[in-house]
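Work through these exercises on charged side chains. Each task is followed by its solution.

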Amino acid sequence: MSKTIKLMEAFDQALATGAVNYVDRDADTLVIINTMSTYAEKNNLNLTEGEIEEFAIAELNKRSAAAADFLYNRQQIEK
């Protein structure tokens, strides 16, 4: 299994815990990184803290940009 797949699996599991509230980005980031680390350790995924943190922040940025795009498009449609 590639590192990207392992990281995505851990990221998806972190979001599925319900601890991410999408209100405070800094707190959500810490929760996701912590949960990803715990998941990776529990499932012997051999991921470093640096890899996990870098992936989590990049994925959150990507999703944030997609959400902003969606909201902009929705506002344009509703005009």
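Buried means under 20% relative accessible area, exposed over 50%, and partly exposed in between (1.4 Å probe, protein chains only). The model is predicted: local features need pLDDT of at least 70, side-chain atom pairs count only at pLDDT 80 or more, and totals for chains, interfaces and linings use all residues. Residues are numbered from 1 along each chain as its sequence is written, and side-chain values use heavy atoms, with hydrogens and water left out.

**Exercise 1.** Find which residue pairs with Asp12 in a salt bridge.

Solution.
- Apply the criterion: a side-chain nitrogen of Lys or Arg within 4 Å of a carboxyl oxygen of Asp or Glu.
- Arg63 is the partner, at 3.8 Å, N to O.
- Place the pair: Asp12 is in helix α1 and Arg63 in helix α3, 51 residues apart. Helices here are DSSP runs (H or I, at least four residues), numbered from the N terminus.
- Check exposure: Asp12 is partly exposed at 37%, and Arg63 is partly exposed at 36%.

**Exercise 2.** Is Glu59 buried or exposed, and what does Glu59 bridge to?

Solution.
- Glu59 has 7% relative accessibility, so Glu59 counts as buried.
- Glu59 bridges to Lys62, with the closest N and O atoms 3.3 Å apart.
- The two are 3 residues apart in helix α3, about one helical turn.
- Extend the picture: Asp12, Glu59, Lys62 and Arg63 form a salt-bridge network.

**Exercise 3.** State which parts the bridge between Glu51 and Lys3 ties together.

Solution.
- The side chains meet at 3.5 Å, N to O.
- Glu51 lies in helix α3 and Lys3 in helix α1 (residues 3-16), so the bridge ties together parts 48 residues apart in sequence.
- Glu51 is partly exposed at 25%; Lys3 is partly exposed at 39%.
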